[in-house]
Amino acid sequence: MSFENLWRDQSAIGRDAETGGYTRGGWTPTEREATTWFLDQCATRGLAVESDGIGNLIAWWGSPDRPGVVTGSHLDSVIDGGAFDGPLGVVSALAAVDLLRAEGFTPSVPLGVGAFVEEEGSRFGMPCLGSRVAAGVLSADKALALTDRQGVTLAAALEAAGTDPAGVGPSPLLERMGTFVELHVEQGRGLTPPVGVASSIWPHGRYRFTFEGEANHAGTTLMEDRHDPMLTYAMTALAANKQARLAGARATFGRLSIEPNGTNAVPSRVIAWLDARAADTATLESLLAAITRQAVERAERDGTTVAVVPESVSPIVDFPAGLRDRLVGVLDGAPVLPTGAGHDAGVFSAAGIPTAMLFVRNPTGISHSPAEFAEEDDCLAGVEALAAVLKDLAQ
Ligand code: HGY
Ligand code: MN
Ligand code: MN
């Protein structure tokens, strides 16, 4: 099946008719439908599928009796996300296998196509959940206790999906990942030609700010008598933006929970999640310190309190230069660029697996939005580049 047809079928799964976006949280119906589509495609190609305890999948071309070359990405999405972030890597991997087979290539080592679960962490709040558990950097106990916004634990979600939580833990799949290459849509505006190679992933983290104040009447309470956590949050959001700009870093409060969330009541509590990223660890740490300091100073003025809890922090990942340069050579001098986005490839690289990433041009750079886009010709160039890289690594 051609890439175009694969893409047409896969990107129809779970597309919101109104927004054109996708909300494929881990183990939700649309994400499971996309996973079933992937399994059907693997079966059609005679690829033997292996799954680990949390549901990460690798479909093998050739018996996985020794470490092989694995490519792939994720099928889940952020809330109302775009079509390309994740699925482009999975669909391109299937299309690259088809391309190599069509030209009569036979890999000398097992060649795997992977799909890793809950990479966005949009349901359970932990990015790269599946790959972190697989790599043993997130314990099964901590993972299984994670809850979604309805209070459903990962353990319960797995059981509902027919998976025994007892199997969750470090994954045998990684023993067979001799090399991992992830193709991904580029998520900035950093790529001019159709295909590029990743140099590094910025360190980044998710931090929960809890602002506590005093519930009161919105109409009768004098302004000077208020202890309004929304005010402290608002000033902190402004501070985060300013500090990120000053540091050449990035910071966003994209998610809020307000209690009791009434129109005519001063809130008692505001919980706000900060996503912060920077080119290096020292800058990220000083950015967080500056934002936290300003939040605490403002809280003292407002008579509120603030507590900050890091929910996940991902260290910088510098992909191995030898493998990176090998891909650049195969791709006739493709440009090399960093990314501010986290990826399963970052987790696998940090776990010691020789890892590389390919990027496909995104003309607007928009991502985590229904407007995310890549031209079909650029996607086809990505498939050809991935096929060339896999052939070089698996010959
Ligand atoms: O949020 C990220 O960095 C990625 O899209 N998971
Ligand atoms: Mn993403
Ligand atoms: Mn992604």
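This report describes a four-stranded sheet, the helices packed on it and a manganese site in a predicted model.

## Basis of the model

The structure is a predicted model in which local features require pLDDT of at least 70 and side-chain atom pairs count only at pLDDT 80 or more, while totals for chains, interfaces and linings use all residues. Residues are numbered from 1 along each chain as its sequence is written, chains are lettered from A and ligands numbered from 1 in the order in which they are written, and side-chain values use heavy atoms, with hydrogens and water left out.

## The open sheet

Four strands form an open sheet in the order β9-β11-β7-β12, with antiparallel pairing. Strands (E, at least two residues) and helices (H or I, at least four) are DSSP runs numbered from the N terminus, and two strands pair if DSSP finds at least two bridges between them. At the edges stand β9 (250-259) and β12 (305-314), each of which pairs on one side only. From one strand to the next, the twist averages 20°; axes are lines fitted to C-alpha atoms, for helices over the stretch in contact, and angles run from 0 to 180 degrees between N-to-C directions.

Strand β11 (residues 269-277) and β9 are joined in the antiparallel sense over 9 bridges. Within this pairing, Ala251 has Ala276 of β11 as its bridge partner.

## Helices on the sheet

Helix α7 (residues 229-247) lies across β7 (204-212), β9 and β11, and runs at about 170° to β9. Helix α8 (residues 281-302) also packs on the sheet, where it touches β7, β9, β11 and β12, and its direction makes about 5° with that of β7. Contact means heavy atoms within 4.5 Å.

The axes of α7 and α8 come within 9 Å and cross at roughly 150°. That makes the two helices, α7 and α8, roughly antiparallel, a term for angles over 145 degrees. Residues making the contact include Leu231, Met235 and Ala239 of α7 and Leu287, Ile291 and Ala295 of α8.

## The manganese site

His74 (NE2), Asp85 (OD) and His184 (NE2) coordinate the manganese ion (ligand 3) at 2.1 to 2.2 Å. Donors are N, O and S atoms within 2.8 Å of the metal (3.2 Å for Na, K and Ca); water is not among the atoms, so sites may look incomplete. The sequence spacing of the donor residues is H-x10-D-x98-H.

Asp85 bridges this ion and the manganese ion (ligand 2), and the two ions lie 3.6 Å apart. Both His74 and Asp85 lie in the loop between β3 (68-73) and α3 (87-102), so the pair ties together parts that are 11 residues apart in sequence. His74 and Asp85 are buried, meaning under 20% relative accessible area with a 1.4 Å probe and protein chains only.

Definitions and conventions. Buried < 20%, exposed > 50% of the residue type's maximum accessible area, 1.4 Å probe, protein only. Parallel < 35°, antiparallel > 145°, perpendicular 65-115°, else oblique.
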